[in-house]
Amino acid sequence: MPFDAPRVSGPVERLFVVLGDQLDYQSELIHGLSEHDAVLMMEVREESEHVVTHHQRTVVFLSAMRHFCQHLQREDIRVEYVALDDDDNTHSFGSELERAIDRLDPASVEVVRPGSWRVLDMLSDAADDLSVHEDPHFLSTPQDFEDWASGRKALTMEYWYREMRKQHGILVSGDGKPEGGDWNYDKENRNAFKQAPKPPAPWTADADEITTEVHELVGEMLELEGAAELPRWPVTRQQALYQLDSFIKGSLPDFGQWQDAMWTGDALLWHSHLSPALNLKLLTPREVVDRAVDAYHRGDAPLNSVEGFVRQIIGWREFMRGIYWTQRKDYRDHNRLRARRELPEAYWTADSSMRCVQEAVRPVLTMGYSHHIQRLMITGNLALTAGVHPGAVRDWYLGMFVDGVDWVTTPNVVGMALYADGGVVATKPYAAGGGYVNRMSNYCSECRFNPRKRTGPDACPLTTLYWDFLARNRDDFEDNHRMGLMLKNLDRMEAPELEKVRDRAGEVQRAL
């Protein structure tokens with residue numbers, strides 16, 4: 001039975017399109033609509049099939065949309081809702097918008113800037129003179145970022161982050177100097193666990209009737225990847241606020257020191273895992289940052305934890321969005337290092353002889369999530385050093401993570417994880433051997449490979465691939481001053497040893 005969101009007959013003045021990642025309960029744009037206007041919301045198959053998608057990601061998006069629709073109806077806002085199982089659903093944003101325009105004859109069609117070029121182009125093709133509003137959810141606009149980036153030789157996130165803090169008065173004194181005297185506290189935030197950690201129990205949403213119905217509907221209508229189970233993520237603003245409160249009180253105090261650490265069997269640890277709620281717009285970055293800063297001012301969380309968390313929200317998150325919208329549309333297709341290999345099967349199964357890969361992929365399959373170091377230094381690092389095509393990696397992250405939205409996924413994968421943009425985002429490739437994993441986790445102690453060895457049957461595949469990666473891309477890194485020490489170490493390797501590395505790397509790549 002289609003979702004019960006009855007349509008009201010008759011034309012409208014303004015038709016306001018609200019997408020699944022625009023569920024802003026505090027939106028003045030939406031709440032400013034009159035009785036002559038309507039919101040259009042669309043559940044379409046195409047959004048779960050243009051890349052291979054996790055079951056729980058689709059359930060989260062659709063359930064959150066239906067809850068938001070009910071919220072708008074309680075506010076007496078007219079909603080034209082296209083449900084996934086509507087008989088006349090054409091299952092594309094473009095054609096559904098065309099149908100709505102034909103039916104409602106609006107004087108104007110409006111939308112907040114979508115989260116992807118693809119969707120923006122689709123809506124623009126369907127509606128003549130589509131009016132695009134800047135998204136008030138974010139603390140900066142694409143134009144703000146373009147103005148800041150203009151004339152700079154390099155777009156360094158740290159400098160953008162400092163400007164954001166000064167502009168918005170976050171963790172700065174009256175004269176614009178950083179709280180505590182330093183702009184970041186990375187040196188205090190790179191600890192590894194010496195023994196099994198005991199993090200606080202993670203907050204988990206209880207599935208209500210709407211989420212359960214969506215879960216069953218998606219299982220009937222779509223063939224998706226990942227565990228076809230009810231998701232643990234918030235789908236309403238109230239749930240998202242509960243999750244935020246749980247993080248601030250239970251995890252934020254110790255988040256900083258453990259933010260780069262990994263441990264067997266736990267992909268949540270002290271991380272906030274607020275990105276699904278933030279990317280759906282159930283929470284705003286400003287309220288999240290303010291809660292963290294308030295905890296610091298009350299003495300409930302140390303500065304290194306609060307600053308590290310704030311940097312994720314107003315630094316990396318806003319920086320990545322700026323990169324996405326100010327680069328050309330073909331940014332997603334960049335492949336500076338000429339990587340061509342297919343995505344390893346282990347990314348779909350977690351079936352790997354490498355313990356770190358098992359630990360990083362398994363939570364993606366079971367709940368659509370892993371924390372940022374697992375993403376960057378395990379699944380991202382393996383794809384980088386093995387030479388996997390950036391498009392395949394980007395599509396996996398976009399579809400298989402519940403927080404996957406194009407504006408954040410594409411620059412994180414293409415720029416940060418894979419260095420496929422040649423250094424627009426990252427000043428050097430985030431490549432590392434097994435030594436890094438061994439230092440920051442207990443994975444290697446339970447693995448048959450030796451992280452210190454680069455050749456031989458028991459050599460760590462990451463270590464082997466790391467040296468092979470440096471060797472085959474040496475010319476690309478020759479002028480990168482941050483790669484100097486690594487290249488010097490590579491140059492010390494004698495030719496017979498390098499040949500063994502290359503042979504072993506070929507074996508590893510074929511076995512992935």
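These legends go with a set of views of a predicted model.

**Figure 1. The whole protein chain, a fold of 23 helices and five strands.**
Let's start with the overall picture. The C-alpha trace spans about 80 × 55 × 45 Å along its principal axes. For 512 residues, a compact globule would have a radius of gyration near 24 Å, and the protein chain agrees with that at 24 Å. Of those 512 residues, 60% count as buried. If you look at contacts with a separation of 6 or more, 75% of them come from residues 24 or more positions apart.

**Figure 2. The largest cavity, with about 400 Å³ of space inside.**
A search of the whole structure turns up five cavities of 30 Å³ or more, and this view goes to the largest cavity. Its lining takes in 26 residues, and E47, R57, F61, F93 and R118 are the ones that lie nearest its centre. The elements that put two or more residues into this lining are α2 (46-49), α3 (55-74), α5 (117-126) and α17 (390-400). Which element gives the most to the lining? That would be α3, with five residues. As for chemistry, the lining residues split into twelve nonpolar, seven polar and seven charged.

**Figure 3. H91, a residue with positive phi in the loop between β3 (79-82) and α4 (93-104).**
Most residues other than glycine have a negative phi. H91 isn't a glycine, yet its phi is positive, at about 65°. Is H91 buried or exposed? It is buried, because its relative accessible area is 16% and the cut-off for buried is under 20%.

**Figure 4. D129, with a positive phi near 55°.**
D129 is another residue other than glycine with a positive phi. Look for D129 in the loop between α5 and β5 (131-133). At 74% relative accessibility, D129 counts as exposed, since the cut-off for exposed is over 50%. Put next to the previous view, the two loop residues make a nice pair: H91 is buried, whereas D129 is exposed.

**Figure 5. N381, a buried residue in helix α16 (residues 372-386).**
N381 has a relative accessible area of 0%, so this residue is buried. What does the side chain of N381 reach at 2.8 Å? The partner is the backbone oxygen of A432. Leaving out residues up to four places away in sequence, N381 touches L376, Y430, A431, A432 and L462. A432 therefore turns up twice in this view, as a residue that N381 touches and as the owner of the backbone oxygen that its side chain reaches, around a residue that is buried.

**Figure 6. S353, in the loop between α14 (346-349) and α15 (355-367).**
S353 has a relative accessible area of 41%, so this residue is partly exposed. Setting aside neighbours within four places in sequence, S353 is in contact with Q358, C447, R448 and F449. C444 is worth picking out here too: S353 and C444 are 91 residues apart along the chain, and their C-alpha atoms are separated by 11 Å.

Notes:
Residues numbered from 1 in each chain as written. Predicted model: local features only at pLDDT ≥ 70, side-chain atom pairs only at ≥ 80, totals over all residues. Heavy atoms only, no water. 1 Å grid on protein atoms, 1.4 Å probe; cavity = no way out; pocket = protein on both sides within 12 Å on 5 of 7 lines; lining within 4 Å. Points joined across faces, edges and corners; volume = space filled by probe spheres on them. Helix = DSSP H or I, 4+ residues; strand = E, 2+ residues; numbered from the N terminus. Nonpolar A, V, L, I, M, F, W, Y, C, P; charged D, E, K, R; others polar. Buried < 20%, exposed > 50% of the residue type's maximum accessible area, 1.4 Å probe, protein only. Polar contact = N/O pair within 3.5 Å; in protein donor to acceptor, adjacent residues only side chain to side chain. Contact = heavy atoms within 4.5 Å. Rg over C-alpha atoms; globule rule 2.2 N^0.38 Å.
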